[in-house]
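I opened my notebook to record what I looked up, one topic at a time. The sequence and the structure come first, and my entries follow.

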Amino acid sequence: MSETSVAEKATSGAEEMTSVAEKTTCGAEKAASAAGKATSGASIELESLTKRYPGNPQPAVDNVNMEIKAGEIVVFVGPSGCGKSTTLKMINRLIEPTGGRIRIDGADVTDMDPVKLRRNVGYAIQASGLFPHMTVAQNIALVPKMIGWPAARIRSRVEEMLDLVGLDPGEFHGRYPRRLSGGQQQRVGVARALAADPPVLLMDEPFGAVDPITREHLQDELIRLQHELHKTIVFVTHDFDEAIKLGDRIAVLRERSHIAQFDTPEAILTNPADDFVSGFVGAGAALKRLNLTRVRDVEITDYPTVTVDDPLQQIFNKLRGSGVGEVLLLDEHGRPYKWLRRGDMMRARGSLARAGTLVHDTVTRDATLRDALEAVLTDNAGRVVVTGRRGEYTGVVDMETLMNSVHELLEADRLDAVEHQQELAETRARQTHGEQEGAGGEKA
């Protein structure tokens with residue numbers, strides 16, 4: 001089987017992207033030209049979508065109806081075996097529907113050429129699915145090459161995508177997947193899924209195989225990318241906290257993908273539709289709301305900083321003048337390296353190599369307040385460094401700021417609960433009044 005044939009059949013996501021210039025009946029006619037702006041998201045409609053497997057009396061997916069707005073992140077969450085991944089894969093017809101319709105940007109794609117459809121739909125999976133015999137650049141360039149982009153344009157796009165996902169093109173261009181960490185492989189997988197600028201991106205538990213810290217950073221990266229790209233993203237997870245963090249709306253699915261509740265994270269946390277949804281929310285709904293507020297939404301303060309190239313006397317002077325009793329040492333790339341306190345330099349006899357405490361935990365502006373709070377509590381120093389897309393220092397968030405935000409969220413929850421109780425009381429009063437009037441009319 002040829003390399004192109006393998007790429008079109010693999011579920012690694014390599015075939016599911018489209019050229020910016022290519023026009024298909026799937027809504028890609030709205031894509032920008034090669035010289036124009038990037039393609040934004042497309043709406044998705046699922047109408048009575050059903051999947052039956054031979055020999056099984058019950059459908060795996062039963063009569064799903066859903067409208068997904070252009071440019072939003074919708075997360076499917078539900079128990080194992082409920083059909084969420086099957087529903088996702090029917091959108092790009094990696095699994096063929098038994099019944100129902102799929103519309104992308106209003107165009108019915110149910111009967112179109114599935115390969116052409118998949119080139120208009122990005123696809124990212126757990127463990128990235130990169131081709132091990134291809135370099136990072138070759139993996140990212142695969143679909144643009146298949147659909148006939150010029151070589152110069154492909155080279156430019158590969159560099160653009162690596163930069164977009166926070167990987168240095170010069171460092172990672174020629175590497176093979178085996179020389180990447182799990183988090184780096186996932187970043188390349190996302191870059192490949194976006195390489196041909198599709199309006200729709202499907203993600204099937206893409207961060208499930210990495211460690212918790214890397215997973216948080218990848219989630220933050222996806223949020224940052226979405227702010228820049230405005231794609232339509234359908235994301236499958238079994239982790240409700242991940243759903244809260246990422247989703248503009250969440251679809252909580254029962255067996256056979258029956259929709260228990262499809263709403264915003266705020267609405268599901270404060271007003272779960274039933275006991276099944278409440279089970280997913282779990283305890284501590286107020287604290288889970290910390291996943292709804294980002295670091296960028298609170299005050300980020302500036303700390304005194306020095307660099308490894310600064311003269312020692314200049315560092316001493318900065319320490320003496322520091323109103324907070326410490327300075328942050330940055331490496332040659334402007335990334336946080338160590339915290340230096342007044343006694344550190346003296347104990348280390350003036351050597352930066354032996355002075356200070358290494359910075360272990362950082363957060364980005366797209367991290368949630370929960371991420372920041374966990375980092376602050378882990379550090380035990382009452383603050384956490386905020387970094388940019390390449391890990392560069394941008395500021396600090398402290399415990400006081402985080403606790404004030406927690407109190408504001410709890411107070412907002414309390415007021416919402418009071419308002420909800422008042423609405424229920426008014427509804428009951430109206431019902432009682434109506435019943436009394438009806439009874440009075442019958443007696444008359």
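How much area does the protein chain expose, and what share of it do carbon and sulfur atoms supply? I read that the protein chain exposes about 20500 Å² and that carbon and sulfur atoms supply 49% of it, with accessible areas taken from the Shrake-Rupley method with a 1.4 Å probe, where for residues only the protein chains shown count as cover.

Before going on, I noted that this is a predicted model, in which local features need pLDDT of at least 70 and side-chain atom pairs count only at pLDDT 80 or more, while totals for chains, interfaces and linings use all residues. I also noted that residues are numbered from 1 along each chain as its sequence is written, and that side-chain values use heavy atoms, with hydrogens and water left out.

**Whole chain.** I found 16 helices and 17 strands in the protein chain; these are DSSP runs numbered from the N terminus, with helices being H or I of at least four residues and strands being E of at least two. Of its 444 residues, 49% count as buried (under 20% relative accessible area, against over 50% for exposed and partly exposed in between, with a 1.4 Å probe and protein chains only).

**Helix α7.** I looked up α7 next, and its 13 residues reach 19 Å from first C-alpha to last, close to the 18 Å expected at 1.5 Å a residue (the expected span is 1.5 Å times one less than the number of residues). Ten of the 13 residues of α7 are buried, so the helix is largely enclosed by the rest of the structure; among them are Gln186, Arg187 and Leu194. The buried residues of α7 pack against β6, α4, α5 (151–164), β7 (200–204) and α8.

**Threonine 135.** I then turned to the loop between β6 (121–125) and α4 (136–146), where Threonine 135 is found. Threonine 135 is buried, with a relative accessible area of 11%. Leaving aside residues up to four places away in sequence, Threonine 135 touches His173, Gly174, Arg175 and Tyr176, where contact means heavy atoms within 4.5 Å.

**Largest pocket.** Which residues lie nearest the centre of the largest pocket? I listed Arg187, His217, Thr362, Thr387 and Gly391, out of 37 lining residues. Elements giving two or more residues to this lining include α7 (182–194) and β15 (362–364), and α8 gives the most, with seven residues.

Technical notes
On a 1 Å grid over the protein atoms alone, a cavity is a set of points where a 1.4 Å probe fits but cannot get out, and a pocket is an open set with protein on both sides within 12 Å along at least five of seven lines; lining residues have an atom within 4 Å of a point.
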